[in-house]
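Here's a quick walk through a few spots in this model, with the cut-offs spelled out along the way. Have the coordinates open as you read.

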Amino acid sequence: MIDYIKGQIVELTPTELVLDNNGIGYSILVSLQTFEALQGKTQAQVFIHHYIREDEELYFGFAGKDERELFRLLLSVSGVGVASARMMLSSLTNDEIRQAIIGEDVNKIKSVKGIGLKGAQRIVLELKDKVVKGEGAASGELFRSNGSAIMEEATTALVMLGFTKANIGKVLPNILKEMPDAKVEDLIKAALKKL
């Protein structure tokens, strides 16, 4: 299995990347998110999802592992194919997708071209618990967006006190929204009241 391909960017469009690695040109399908991350670069390392069906073989490339993990998580939903998953990653950021799933924001998911009401509801239904548990995120990416060090420290302390990461993941982000300037001890105290 190929984890990543590193090489020289030969061609880059909003949907495709040609990457030269030791004289072999790999045609790699990308999302708009990855396209924006690679613009202006001459060298790149893209994380690969190798898609094989009896009649086609495709490489999907991502600028970061986090995006690839979210892509794979979206593919686990029945009815979501590679085209729909790539369209979601082109239309919304990784965090917007996760927040829409956790917040059950069906309208935001439905706003993506090719995803209807039933598809959006299925994505929320099948992925909400998984996203809360941290699936579909590269390790270390889950709490990186806001107050990451404080969030990680509070999570570690609460786990040591005997609480599960799943329950902590449901409570801490909401507390941090209510108290954005909270210190670690404030987060832990507030979480203990809600857990």
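E185 sits in helix α9, where helices (H or I, at least four residues) and strands (E, at least two) are DSSP runs numbered from the N terminus. With 43% relative accessibility, E185 counts as partly exposed; the scale here calls a residue buried under 20% relative accessible area, exposed over 50% and partly exposed in between (1.4 Å probe, protein chains only). E185 and I24 are 161 residues apart along the chain, and their C-alpha atoms are separated by 54 Å.

A bit of housekeeping: this is a predicted model, so local features need pLDDT of at least 70 and side-chain atom pairs count only at pLDDT 80 or more, while totals for chains, interfaces and linings use all residues. Residues are numbered from 1 along each chain as its sequence is written, and side-chain values use heavy atoms, with hydrogens and water left out.

Back to α9, which has a partner in α8. The axes of α8 (residues 165-178) and α9 (residues 184-194) come within 10 Å and cross at roughly 125°. Axes here are lines fitted to C-alpha atoms, for helices over the stretch in contact, and angles run from 0 to 180 degrees between N-to-C directions. The two helices are therefore oblique to each other, given that angles under 35 degrees count as roughly parallel, over 145 as roughly antiparallel, 65 to 115 as roughly perpendicular and the rest as oblique. On the α8 side, V171, L172, I175, L176 and E178 make the contact, and on the α9 side L187, A190, A191 and K194 do; contact means heavy atoms within 4.5 Å. By class, that gives 7 nonpolar, no polar and 2 charged residues. For those classes, Ala, Val, Leu, Ile, Met, Phe, Trp, Tyr, Cys and Pro count as nonpolar, Asp, Glu, Lys and Arg as charged, and the others, Gly among them, as polar.

Another helix pair is α2 (residues 65-75) with α3 (residues 82-91), whose axes come within 9 Å and cross at roughly 135°. That makes α2 oblique to α3. E67, L70, F71, L74 and L75 of α2 meet V82, A85, R86, M88 and L89 of α3. The tally for this contact is 8 nonpolar, no polar and 2 charged residues.

E67 turns up again around T34, which is found in helix α1 (residues 32-38). T34 touches G61, F62, A63 and E67, leaving aside residues up to four places away in sequence. The T34 side chain also reaches the backbone nitrogen of A63 at 3.2 Å. T34 counts as buried because its relative accessibility is 0%.

Next, the backbone. Most residues other than glycine have a negative phi. Here are two residues other than glycine with a positive value.

| Residue | Phi | Loop | Relative accessible area |
|---|---|---|---|
| N22 | near 55° | between β2 (16-21) and β3 (24-30) | 74%, exposed |
| E104 | near 55° | between α4 (94-102) and α5 (106-110) | 45%, partly exposed |

Helix α4 also holds Q99. Is Q99 buried or exposed? Q99 is exposed, because its relative accessible area is 52%. Q99 and L29 are 70 residues apart in sequence, and 25 Å apart in space, C-alpha to C-alpha.

Methods: Polar contact = N/O pair within 3.5 Å; in protein donor to acceptor, adjacent residues only side chain to side chain.
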